[in-house]
Structures are given as structure tokens and as C-alpha cells.
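Welcome! Take a moment to turn the model around on your screen before reading on. We will go through a sheet, a helix and a pair of cysteines.

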Amino acid sequence: MNNVHLIPYRLEEITAAAVQIPPGVEMIQAPAVWEEAEHGSGNVLAILDTGCQVDHPDLKDRIIDGKNFTPDFGSDPKNFDDNNGHGTHVAGTAAASLRPEGGIAGVAPSANLLILKVLNGEGSGDYAGIIEGIHYAIDWQGPNGEKTSVISMSLGGPEDVPELQAAVKRAVDAGIPVVCAAGNEGDDSPSTDETAYPGAYPEVIQVGAVDFNRKLAPFSNTNDEIDLVAPGVRIYSTYPGGKYATLSGTSMATPHVTGALALVKNIAEKEFARKLTEAELYAQLVRRTVPIGYPKSAEGNGLLALDALNNFERMVELMNSFNRSGEWENE
């Protein structure tokens, strides 16, 4: 099988300073539901990527376990450090700790992270390793009986590989939502399709990217399987060396949804007083979106807005910001 690669992304800036709650986390209204969702505690988010800086101040308390599926570090399965940067950034957006002494907060700052290094330092890996990583995430059990709650993949390739789709289906059948980046081959036109796998599989939750003005990122892939959009332009998160970086791509939109599912799961399962199926979790996620005026091939069900159900006025405000000319008004 041919290689799978990171969804291409753009590194904007690396800094030593940090912002406590990044704009992307604010934009999807995560802080508004943190208390109700217990900050995502009790959930394990499996991040299949380039690894993670295990001793990053904002991540070290969140990482519950990990494994290396690549030849990096002498193929040592216990060394899942990040020699690229992408995986650390994704992990931080999903679940960086909310520390009183500083740093940044992820979408679900009390969720745990299962770091599965399936891509090497150059950002590539083979399908076999990614498939193995998915099955590992499904079967994994933590020291206190923890199980994977969500699988996140900001990676993709051009090939539709039956074994990859079968692994995804197995995860979904086990009640684990699989969140994937749509890809960055977009041509700024919702009328043409661009696809990458596993994002294009109907079983996954495929995430496109918007900027902070709620405009679709011109690079964001469009196709009939897009489920929703999230912030993916100039996203600030953790980076190797104990630093922080601003990156752009649908890779950056994806962990916003991954972390959001931990919050949604806690809220909805408390409300229903039972464990929800993957389909039910997906329905609860989609309820927390607002349309932003693009075709479904571009925005799916709309922009992730976690507090939309509790704040109808804000939802109407978001919808009314879109004027008849199809342009967002400046705010």
C-alpha cells in the first residue's frame, strides 16, 4: 500500500508565550459548556498523528498512554514523541490542560489523550500502520479500565483502501466516533469535489475549515460527505519544545470537533442517563451547529457552536450575520 500523509498545513508562527484560551476554542463556545460537561473528564481521545511532546507543560497531565507504529526512534513502540510538530499541535487543541499558572486550554481540558504515532517525522506513514493504530485504539484499555471515546485523524491519502474503511466501521460499531480532516486540496469552489481518505468515508465525521470571520477557508475540501466545519485558520496551540504555534489547515479544525465530542458526550449521557451510541452522539453534535450560508458540500450541517442549544439568541445572531449578498458583515 502507498503512503498516507499529513493533511498539508501551513505553519504561521512559533512563540514562547501563550494565550490561556485560544480564539478557536472560544469560537466554538467550548468554555460556555465546560462546567456542564465537566471539562470533558472521563473521556479518552485517541490522536493518530506524528506523536506528541510528552512533557509539554500543557499536555503532560493529559497523556494517559501511547504507542509508536512507525520506524522512528528505532521502531521503539514506547517512544511516541513528536519529531514533526503537527501531532503536538492537534493534541493541544483537543485537550490541553486548563492550568491556573498559564499555558493554553484545549476544547476538553480535562479529557485524556491516547497518543498513537502513525506518521513519521516527515509526516508520512503507511496504510498498514494507520489501520493498526485504529484497531489499537478500539481495543485499548487504560489502567483503570478506561476505553477510547473518540478517534481523531488529521491525515489522509488519495486511495480508498477497503481495510481502512473496515477499521473505521469497526470503531463506529464499537460506539467510537471517528473524526477526520476533509483535506486541503480545495479550490475555493463548493461546486467541485475534492476527496481524501479516510475523511471521505460516510462513516467518519468529516471536518472542513473556516476562519474567524466564519468564511470557508479557500483550501478546505468540499464534497458530499462534509459533516460540519470548525476553526482551521491561524489556530494557536501547543508545539514541541514547550512552545506554541499558529497553524492553518483542516488538520487544525478536526481536533476542535474531537474535543467537542468529549463535552457533548458528557452533557448528553448525563441528560439521557445512559451510554449513547455513535449515531446518537453524532446527532447530539449536529444539534450544536449553526448554518453559515454555504452549500452542504462546503459546510455540511454548519459551524460547530457548542452553546447553541442554551443560547438561542446567540444562534440567531450568528445566522443573521450572514447578509443576502452572501458575504459576512464585519464585526
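In what order do the three strands of the open sheet lie, and is their pairing parallel or antiparallel? The order is 6-1-8, and the pairing is antiparallel. Strand 6 (124-126) and strand 8 (155-156) each have a single partner strand and stand at the edges, so one side of each has no neighbour in the sheet. Keep in mind, as you look, that this is a predicted model.

What holds such strands side by side? In general, strands of a sheet pair through hydrogen bonds of the backbone, in either a parallel or an antiparallel way. Here, strand 1 (residues 3-6) and strand 6 run antiparallel and are joined by three bridges. You can look up one bridge partnership yourself: His5 is partnered with Ser124 in strand 6.

Now find helix 4 (residues 127-139). Helix 4 lies across strand 1, strand 6 and strand 8, and it runs at about 80° to strand 6.

**A helix with a buried face**

Helix 5 (residues 162-173) offers a nice check on geometry. Its twelve residues, at 1.5 Å a residue, should span 16 Å, and the C-alpha atoms at its ends are 16 Å apart, which agrees. Which residues of helix 5 are buried? They are Leu164, Gln165, Ala167, Val168, Ala171 and Val172. Looking down the axis of helix 5, you would see these buried residues fall within an arc of 155°, so they line one face of the helix. The face turned away from that buried side carries the exposed residues Pro162 and Asp173.

What covers the buried residues of helix 5? The cover includes helix 4, strand 7 (150-153), strand 9 (178-181) and helix 7 (278-286). After helix 5 comes Gly175, which has a positive phi, near 90°.

**Cysteines without a disulfide**

How many disulfides does a search of the whole structure find? The search finds zero. The table shows two cysteines, each with its closest cysteine sulfur and its relative accessible area.

| Cysteine | Closest cysteine sulfur | Relative accessible area |
|---|---|---|
| Cys52 | Cys180, 19 Å | 0%, buried |
| Cys180 | Cys52, 19 Å | 0%, buried |

Why does Cys52 not form a disulfide with Cys180? A disulfide needs the two sulfur atoms within 2.5 Å. The sulfur of Cys52 has its closest cysteine sulfur, that of Cys180, 19 Å away, so the two are too far apart for a bond.

Note on methods:
Residues numbered from 1 in each chain as written. Predicted model: local features only at pLDDT ≥ 70, side-chain atom pairs only at ≥ 80, totals over all residues. Heavy atoms only, no water. Pairing = 2+ DSSP bridges. Helix = DSSP H or I, 4+ residues; strand = E, 2+ residues; numbered from the N terminus. Contact = heavy atoms within 4.5 Å. Axes fitted to C-alpha atoms, helices over the stretch in contact; angles between N-to-C directions. Buried < 20%, exposed > 50% of the residue type's maximum accessible area, 1.4 Å probe, protein only. Expected span 1.5 Å × (residues − 1). Arc of directions from axis to C-beta.
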